[in-house]
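User: Hey, I've got a structure to go through for class and could use some company. Can we walk through it together?

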Amino acid sequence: MGVKDCYAAIPRQWKFPRTILYLFAVELAIEIAALALFGIAQPDLYRTRLWQEGSDHGWNSNPNEIIYAYANYRPINVPLPWSQFVTNFNVVIAVLALFLLLCKGIMYICHIFYPLISLVIHAALIALYAVSIHAQAAPDMSDPDHPQPGAPWYITKSCGAPVNPKLKGYCQQAKGSFAIAIMLLAIFVVYFALSLYSLVRPARSYSLASGKSGDVESPQQRPWEMMQVPATPGTAGGLMSPTTPRTTAFNTLSGKMGNKGKGKAKEPPTRTDGKLPLRHHISMGDELYQGPSRS
């Protein structure tokens, strides 16, 4: 099977096109919420405050250790859930996912959003949001006296007491950001599964022996522009003058069609006085004149 056959064997139709439209609507709503939450958190609206709140209760390291380490020229790595990288990364992937959603909608309208393209796009988005979820839920083991082996406290604990009431709203926003990232990851997994399912073809849909694909349109489904125009009557044998009612009338009068297939054509009537036949008219050419010589 050559390259052309392989290209023809790639499906271009979705098994559930209506489900794709529903996913577009749900993804748009969640993407707008994600962009709002991630954008509010940038650059450092509540990250350091939640870090300090966890340190006050002994749930994680102290953010002041970073300042002490820098002052003493001691190398130290900022814990991943409290780093600026995670905040910026979430904003970038939210903008990227919203841009790709607009592109997907345009491609779907233009009928070029094929399952194979969707498979590649959503595989990349799954990887990006998996990194985001891992970074938000990463452990903080930088302080041996106050280790945090699991996810940050604002994910595993309630935002109520003993948390400072002034940080309750920030704690809920952080929880919402984490939940939004999980929801987007779930949607992209559904996209990926539908794309993969649409690419898996039944065994009878493509035959190597006949070289015919299941995606080939039937003559009834082909666009009318691609249909072959029927031949003009009277031109089946080559480039001849088409048969029209006027031509048929002249041929009948001249005897060309009267005895077709039965022998010699009937001779046209002539006048005995030597004048032109009554059927001849000045507008008729010599090629249509069947009477005696005009010379």
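Analyst: Sure, here is a walk through the overall layout, the cysteines, a helix pair and a few single residues.

User: Cool. What kind of model is it, and how are residues numbered?
Analyst: It's a predicted model, where local features need pLDDT of at least 70, side-chain atom pairs count only at pLDDT 80 or more, and totals for chains, interfaces and linings use all residues. Residues are numbered from 1 along each chain as its sequence is written, and side-chain values use heavy atoms, with hydrogens and water left out.

User: How many helices and strands does the protein have?
Analyst: The protein has nine helices and two strands. Here helices (H or I, at least four residues) and strands (E, at least two) are DSSP runs, numbered from the N terminus. Reading along the sequence, you get the pattern α-α-α-α-α-α-α-α-β-β-α.

User: And how much of the protein is buried?
Analyst: 31% of the 295 residues count as buried. Buried means under 20% relative accessible area, exposed means over 50%, and partly exposed is in between, using a 1.4 Å probe and protein chains only.

User: What about contacts between residues at least 6 apart in sequence?
Analyst: Among those, 67% join residues at least 24 apart. A contact means heavy atoms within 4.5 Å.

User: New topic: how many disulfides are there?
Analyst: The count comes to one disulfide, taking that as a pair of cysteine sulfur atoms within 2.5 Å. Cys159 and Cys171 form it, with their sulfur atoms 2.0 Å apart.

User: Which parts does the pair tie together?
Analyst: Cys159 is in the loop between helix H7 (153-156) and helix H8 (168-199) and Cys171 is in helix H8, so the pair ties together parts that are 12 residues apart in sequence. The link of Cys159 and Cys171 is left-handed, with -75° about the S-S bond.

User: Are Cys159 and Cys171 buried or exposed?
Analyst: Both Cys159 and Cys171 are buried. Cys103, on the other hand, counts as partly exposed because its relative accessibility is 26%. Cys110 is partly exposed too, at 47% relative accessibility.

User: OK, helix packing. How do people describe two packed helices?
Analyst: By the angle between their axes and the distance between the axes.

User: So how do the axes of H5 and H6 sit?
Analyst: Helix H5 (residues 84-109) and helix H6 (residues 115-136) have axes that come within 11 Å and cross at roughly 160°. That makes H5 roughly antiparallel to H6. The axes are lines fitted to C-alpha atoms, for helices over the stretch in contact, with angles running from 0 to 180 degrees between N-to-C directions. Angles under 35 degrees count as roughly parallel, over 145 as roughly antiparallel, 65 to 115 as roughly perpendicular and the rest as oblique.

User: Which residues meet there?
Analyst: From H5 they include Phe89, Ile93, Leu96 and Leu100, and from H6 they include Ile121, Leu125, Leu128 and Tyr129. By class, the contact of H5 with H6 has 15 nonpolar, four polar and one charged residues. For those classes, Ala, Val, Leu, Ile, Met, Phe, Trp, Tyr, Cys and Pro count as nonpolar, Asp, Glu, Lys and Arg as charged, and the others, Gly among them, as polar.

User: Is Ser118 in H6 buried or exposed?
Analyst: Ser118 is buried, with a relative accessible area of 0%. Apart from neighbours within four places in sequence, Ser118 is in contact with Trp14, Phe113, Tyr191 and Ser195.

User: And Ile187, where is that one found?
Analyst: Ile187 is found in helix H8, and it counts as buried at 8% relative accessibility. Ile187 and Glu27 are 160 residues apart in sequence, yet 7.1 Å apart in space, C-alpha to C-alpha. Leaving aside neighbours within four places in sequence, Ile187 is in contact with Val26, Glu27 and Ile30.

User: Last thing, backbone oddities. What do most residues do?
Analyst: Most residues other than glycine have a negative phi, and most peptide bonds are trans. Here, a cis peptide bond joins Gln42 and Pro43, with omega about 0°, and Pro43 lies in the loop between helix H2 (17-41) and helix H3 (47-56). Another cis peptide bond joins Ala161 and Pro162, with omega about 10°; Pro162 is in the loop between H7 and H8.

User: And what is phi of His111?
Analyst: Phi of His111 is near 60°, a positive value in a residue other than glycine. His111 sits in the loop between H5 and H6 and is exposed, with a relative accessible area of 65%.
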